[in-house]
Amino acid sequence: YQIRGEGRVETSAIGADGSVYVTGPPTTVTALDPKNGRPLWSYVRPMPSNLRLIGFPATNRGVAILDDMVFVGSLDGALIALDARTGAVRWERQVADNATAHSITAAPLALDGKILIGVSGGEAGIRGFIDAYEAETGKLLWRTYSVPGKGEPGVETWAGDSWQHGAGATWLTGSYDPELNLVYWGTGNPGPDW
């Protein structure tokens, strides 16, 4: 199977229940038959004409699978739940505003009935965060920022008003330790970084 699309291919294939799922740029998900590589279905998210990508390529790094759904983030800042058998959209949530240079390039992380997702856009000075959504409904369960804001614990560790400039994009998928019940999520560059 040849991945198509304009942008970089930086995906990891993931298999479950007799299908293999791959992503392509800008935000395409394809389910493949693992026996012959033939596409079973494909989902393509149309991108707006004013899509903002500042300092990073149009890419998508993969999907998460939980129960009978496949989850993918989009370059325009949405999280989408697809039916694993058909590719039909089950739900969609706008995680962040692409007009402020937020984007999603990471694969979501699925665990314990939740879908966790981070954001790209550190080159534009966005404030990074991680969201958790209820897998079945798409309801936002919590959000945690990588940089504290005014009046939040830890802001005193930032010199002057440097916390206002944004930082800590969460652009790569985190890891989960089931024994400790902890999520580890790296953060990216300061902002502005140039």
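Strands 5, 6, 7 and 8 make up an open sheet of four strands, ordered 5-6-7-8, with antiparallel pairing. A strand here is a DSSP run of E with at least two residues, numbered from the N terminus. Two strands pair if DSSP finds at least two bridges between them. The edges are strand 5 (64-66) and strand 8 (89-94), and each of them pairs on one side only. On average, neighbouring strands of this sheet are turned by 20° against each other, direction ignored. Such angles run from 0 to 180 degrees between N-to-C directions, with axes fitted as lines to C-alpha atoms.

This is a predicted model: local features need pLDDT of at least 70, side-chain atom pairs count only at pLDDT 80 or more, and totals for chains, interfaces and linings use all residues. Residues are numbered from 1 along each chain as its sequence is written, and side-chain values use heavy atoms, leaving out hydrogens and water.

Now the other sheet. Strands 9-10-11-12, in that order, form an open sheet of four strands with antiparallel pairing. Strand 9 (109-111) and strand 12 (140-145) are its edge strands, each pairing on one side only. From one strand to the next, the twist averages 20°.

One strand pair from each sheet is set out here.

| Strand pair | Sense and bridges | Facing residues |
|---|---|---|
| Strand 7 (residues 78-83) and strand 8 | antiparallel, five bridges | L82 and V89 |
| Strand 9 and strand 10 (residues 114-118) | antiparallel, three bridges | L109 and L116 |

Which residue in strand 8 is the bridge partner of L82? That partner is V89. In strand 10, L116 stands opposite L109.
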